[in-house]
Amino acid sequence: MEEFDYYEVLEISRNASGDEVKKAYRKMALKYHPDRNPDNKEAEEKFKQVNEAYQILSDSQKRKIYDTYGKRGLENSGVGFEGGDIFDIFNSVFGGFGGFGADFGRRTKRESYSYSSDIVLEIHLPFSEAIFGVKKTIDIKYKVACESCKATGAKDGKLETCKACNGSGRETFTQSFMTFAQTCSKCGGSGTKVADKCPKCSGKGYKEEKDSFEVQIPEGVDTGNQIRVAKRGNQMPDGTRGDLYLEIIVQEDEHFIRHHSDVYLEVPVIFSLVMLGGTIKIPALRKELELKIPKGVKDKQQFVFHGEGIKSVKSGRYGNFIAVVKITYPQELNEHQQKLVQELHESFGYEHSKPINCFEGLFDRIKSWFKQ
């Protein structure tokens, strides 16, 4: 196995949760996907490393062995990286629900085109637009097949069998007692290669056109969701167009913290209200809410407002809004306020330089330790 650290590849800490591993994989896999980095060998190799890292770190048994013994431990245990088609891993993670998820970017032997029919585009949304939905104007460039070479990039459309994989589209190699298989790095899995470049498109296999249209982003989308826009992808030799996949990335809010369909808000509560109790108004996603503060409320205590959270794109149900108490104290007191606090303090029977009642007897007990 090539020596590289799985955690460094995914840019995560060693104590990252399973959700954090998956989130990091989504980000890195999209960044280095071959369809987004054509003819970039470095990105292609990085894409393979990202898939290998995810396959190990997403499996609790493999991850435990790796954390304890490293890659050598995986080799010796026989539960290491299983190879296979790296796009199987990619598509299993990005598979989704309804209009979300995609089985795109798969390069199989039957494909001899120089580009994929589908397009992936990142869409960055402010927190509010993701919560409530928004109509977005999408500007893209899409590929149109070169008529001369039929999108192959080869002169007169003539291709030759890839010598690296003998036309199979897959490379195999043996490590210890295991055999690994992966998409051919020379032909990208097509099993064919260009002998002579097409003079009309300089071997690219396409020309680019611009397109602009509106897309309705549904309420409740979150980072990692995908929206499929049918027939807005690249145009193939037969005139059909693939699909466009919008990869959603939601910006964090300054005050609201999102966890799936639930929303958390830290609510400052002045110390005096802890003793008195009362009701305060707090801002929520759609309206003001009344938060009843009971006497003796605890710091970090949570109060749940059911159905006041974010709409789930899966179920259509709304999550909860959770107010988290943060007890606060004034940084400075004026003379009048100091006097009032002092009076309150003394009203409880406390005096300066005297032990608090709950400590009565404790000092004598401590002194007795030194007499033993």
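These exercises, each with a worked solution, go through a predicted model. Residues are numbered from 1 along each chain as its sequence is written. Local features need pLDDT of at least 70, side-chain atom pairs count only at pLDDT 80 or more, and totals for chains, interfaces and linings use all residues, while side-chain values use heavy atoms, with hydrogens and water left out.

**Exercise 1. Confidence and overall make-up**

Task: State the mean pLDDT of the protein, then find the elements with the lowest and highest mean.

Solution:
- Start with the scale: pLDDT is the predictor's confidence in each residue, from 0 to 100.
- The protein averages 81, and 80% of the residues score at least 70.
- Next, list the elements. Helices (H or I, at least four residues) and strands (E, at least two) are DSSP runs, numbered from the N terminus. The protein has 9 helices and 15 strands.
- Helix H5 (residues 86-94) has the lowest mean pLDDT, 56, and E14 the highest, 95.
- Residues 96-110 fall below 50, yet the stretch has 51 contacts in the model beyond near neighbours in sequence. Contact means heavy atoms within 4.5 Å.
- Finish with the totals. Of contacts between residues at least 6 apart in sequence, 65% join residues at least 24 apart.
- Of the 372 residues, 41% count as buried. The cut-offs are under 20% relative accessible area for buried, over 50% for exposed, and partly exposed in between (1.4 Å probe, protein chains only).

**Exercise 2. The sheet of 4 strands**

Task: Give the strand order of the open sheet of 4 strands, and name its edges.

Solution:
- Apply the pairing rule: two strands pair if DSSP finds at least two bridges between them.
- The order is E10-E11-E15-E14, with mixed pairing.
- The edges are strand E10 (256-259) and E14, each pairing on one side only.
- The twist averages 30 degrees from one strand to the next.
- Now look inside. Strand E11 (residues 262-270) and E15 run parallel, joined by 8 bridges. Leu265 has Ala323 in E15 as its bridge partner.

**Exercise 3. The sheet of 3 strands**

Task: Why is one side of E1 and of E8 left without a neighbour in the sheet?

Solution:
- Write the order: E1-E9-E8, an open sheet with mixed pairing.
- Strand E1 (119-125) and strand E8 (226-229) stand at the edges with a single partner strand each, so one side of each has no neighbour in the sheet.
- Neighbouring strands are turned by 25 degrees against each other on average, direction ignored.
- E8 and strand E9 (residues 244-250) run antiparallel, joined by 4 bridges. Arg228 has Tyr245 in E9 as its bridge partner.

**Exercise 4. Rings and charges**

Task: Classify the pair of Phe305 and Phe321 as stacked, tilted or edge-to-face.

Solution:
- Set the rule. Rings of Phe, Tyr and Trp (its six-membered ring) pair if their centres lie within 6.5 Å; planes under 30 degrees apart count as stacked, over 60 as edge-to-face and the rest as tilted.
- The count comes to 9 aromatic pairs.
- For Phe305 and Phe321, the centres are 6.5 Å apart and the planes stand at 65 degrees, so the pair is edge-to-face.
- Phe305 lies in strand E14 (residues 302-305) and Phe321 in strand E15 (residues 321-328), so the pair ties together parts 16 residues apart in sequence.
- Phe305 is buried at 17% relative accessible area, and Phe321 is buried at 0%.
- One aromatic cluster is formed by Phe4, Tyr6, Tyr7 and Tyr66.

Task: Which rings do Arg232 and Arg241 sit over?

Solution:
- A charge sits over a ring if NZ of Lys or CZ of Arg is within 6 Å of the ring centre and within 35 degrees of the ring normal.
- The charged end of Arg232 sits over Phe213, 4.2 Å from the ring centre.
- Arg241 lies over the face of Tyr142, at 3.7 Å from the ring centre.

Notes:
Axes fitted to C-alpha atoms, helices over the stretch in contact; angles between N-to-C directions.
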